[in-house]
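Trainee: I have just opened this structure and would like to learn how to read its features. Could you walk me through a few of them?

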Amino acid sequence: MKPKTIIEPFKIKSVEPIRFTTRDEREKLLKDAGYNPFKLHADDVLIDLLTDSGTSAMSAKQWAGVMEGDESYAGSKSFYKFESAVNKVTHMKYIIPTHQGRAAEKILFSIVGGPGKYFPNNTHFDTTRANIEFSGSVAEDILTEVGMHPEERADFKGNMDIGKLKAFIKEKGAKNIPLCMLTVTNNSGGGQPVSMQNIRDVKEVCKKYSIPLFLDACRFAENAYFIKKREPGYENKSALEIAQEMFSYADGATMSAKKDALVNIGGFLAMNDEQLAMQCRNLLIVTEGFPTYGGLSGRDLEAVAQGLEEVVDEHYLEYRIKSVEYLGNKLIDAGVPIIEPPGGHAIYIDAKRFLPDIPPERYPGQSIVCELYMEGGIRAVEIGSVMFGKYDENGKLIPAMMELVRMAIPRRVYTQSHVDYLIEIVLEVYNNRIKLKDYEITYEAPMLRHFTAEFKPIA
Ligand SMILES: *Cc1c(COP(=O)(O)O)cnc(C)c1O
């Protein structure tokens, strides 16, 4: 039997109109935004793929939860619902709500970080790296070799390199490594999953040196679904059971609920160490709020609790992963260079192969991002030397490992016709790539510069 079209597993009950603009209007808008799409008004964007973070469409049940929210300052009913939903997935003892993922990171690394400390991760997300470096510590990416080659296909390109992890621990000394992290899926490395075997192997190494393992768990459900589809022995397990096994090897987790909890704001810290949890809660009170709301309202906690139920639904996960794959496969078929295979939450254009004549110091990713907006009103984000580039002591750019353009797909927001339009625009830009310009930076902030930098095209 011919496989059937995978349909969106929902009906639409409430709609948000899109405002249409012309190419001329967009050229002016982008120029006024300093050629940085972060500075555009969202209303001037047709299809917004800047991020999958906080952009999910909530379900009717989540909205019902919003009405149910208990706004008590302490001991809110909604907190206990939230705690029990997080516990169901993670089985962790101490669950601390935060207003988003980076707040969890800030608290964690303020306590365990500091000068002279080292943190290994498959690939640090930008806010994770920033929080570690802000504390005075060093963030080290230890990604499996195949993960660094966009054109090579492998099932688990988010894995950590076990040999390099061991060497890193020996070199820096276990006592200087307060914890090791695994980012599932690996956002900055193409949304690629980490295998259960790799999580187990990393845990074994960590255990040998008494280093706690934390998951950066933002996309735990997408990662679990990839394990189900790709790793032998997991085909008959549910996504929830797989997620529970992933967390069973971890001593703690940071989470941005804006991803796989299908909400617009929220996050948490989870851990098994009582002493550490106490320190985190003490800091939480100073920076976020009382431990039963941690920077969120009761209604937000309700929406997270419901979202965590819905995200492990396998009809949802099949639609989610397959619709990203649909986009990826159409681009691959047309010859557009992307990270292969398609990741869980986004398609990453490989700007180095897309624009081989624009060197990293002229920001090929930024050039593509600008053209996608001008051509079709699409907003994507550069993940390359704008985001991760550094300068040496002579002020020369040290480029990022890869030059990528991320098109992140918001959850349950766009339909297949939006994606088909997107494909047309990407192909249009690709076919006219010879016309794309080099860019230089005219303004930048000292940290996380990609959010506010301004650019200028050079002929
Ligand atoms: C989004 C994200 C974060 C930070 O979460 P925020 O909610 O945006 O603060 C951390 N790690 C990864 C992998 C992420 O994708």
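Trainee: Let me start with one residue: is Y293 buried or exposed?

Mentor: This is a predicted model, so treat every value as computed from it. Residues under 20% relative accessible area count as buried, and Y293, at 18%, is therefore buried. Y73, by contrast, is exposed, because its relative accessible area is 54%.

Trainee: How many aromatic pairs are there, and what kind of pair do Y73 and Y293 form?

Mentor: The count comes to 14 aromatic pairs. Y73 and Y293 make an edge-to-face pair, with 5.1 Å from centre to centre and 70° between the planes. The two tyrosines come from distant parts of the chain, 220 residues apart. Look for Y73 in the loop between helix 2 (60-68) and helix 3 (77-90), and for Y293 in the loop between helix 10 (274-287) and helix 11 (298-311).

Trainee: Which residues share a nonpolar surface patch with Y73?

Mentor: I285 and F290 do, and the three together have about 300 Å² of accessible area. F290 belongs to the loop between helix 10 and helix 11, and counts as partly exposed at 30% relative accessibility.

Trainee: Are there other ring features worth finding?

Mentor: Yes, here are some. F79, Y80, F82 and F268 make up one aromatic cluster. Rings can also have a charge above them: K259 lies over the face of F125, 5.5 Å from the ring centre. Likewise, the charged end of R433 is over the ring of Y430, at 3.9 Å from the centre.

Trainee: How should I read a strand, and why is strand 2 described as largely enclosed?

Mentor: Start with the general idea: in a regular strand, side chains alternate between the two faces of the sheet. Now take strand 2, residues 94-98: five of its five residues are buried, so the rest of the structure largely encloses it. Y94, I96 and T98 are buried on one side, while I95 and P97 are buried on the other, leaving both faces covered.

Trainee: Which strand pairs with strand 2 over five bridges?

Mentor: Strand 8 (residues 267-271) does, in the antiparallel sense. To find the place by eye, look at T98, which stands opposite G267 in strand 8.

Trainee: And what about salt bridges?

Mentor: Side chains of opposite charge can pair when their charged atoms come close. In this model the count comes to 29 salt bridges. One of them joins R19 and D44, whose closest N and O atoms are 2.5 Å apart. R19 is in the segment before helix 1 (23-32) and D44 is in the loop between helix 1 and strand 1 (47-48), 25 residues apart. R19 is partly exposed at 36%, whereas D44 is buried at 10% relative accessibility.

Trainee: How many residues apart are R23 and E375?

Mentor: They are 352 residues apart, with R23 in helix 1 and E375 in helix 14 (residues 364-376). Their side chains meet in a salt bridge of 2.8 Å, N to O. R23 is partly exposed, with a relative accessible area of 28%, and E375 is also partly exposed, at 25%.

Trainee: Can you show me a salt bridge between strands, and then a network?

Mentor: K456 forms a salt bridge with E440, at 3.5 Å between the closest N and O atoms. K456 lies in strand 16 (residues 454-458) and E440 in strand 15 (residues 438-443), so this pair ties together parts 16 residues apart in sequence. For the network, find D52, R219, E222, D260, R320 and R411, which are linked by salt bridges.

Definitions and conventions. Residues numbered from 1 in each chain as written. Predicted model: local features only at pLDDT ≥ 70, side-chain atom pairs only at ≥ 80, totals over all residues. Heavy atoms only, no water. Phe/Tyr/Trp six-rings, centres within 6.5 Å; stacked < 30°, edge-to-face > 60°. Helix = DSSP H or I, 4+ residues; strand = E, 2+ residues; numbered from the N terminus. Buried < 20%, exposed > 50% of the residue type's maximum accessible area, 1.4 Å probe, protein only. Lys NZ or Arg CZ within 6 Å of the ring centre and 35° of its normal. Patch = residues over 30% accessible without salt bridge, like charges linked within 9 Å, V, L, I, M, F, W, Y side chains within 5 Å. Areas by Shrake-Rupley, 256 points an atom, 1.4 Å probe, with all protein chains shown as cover. Salt bridge = Lys/Arg side-chain N within 4 Å of Asp/Glu carboxyl O. Pairing = 2+ DSSP bridges.
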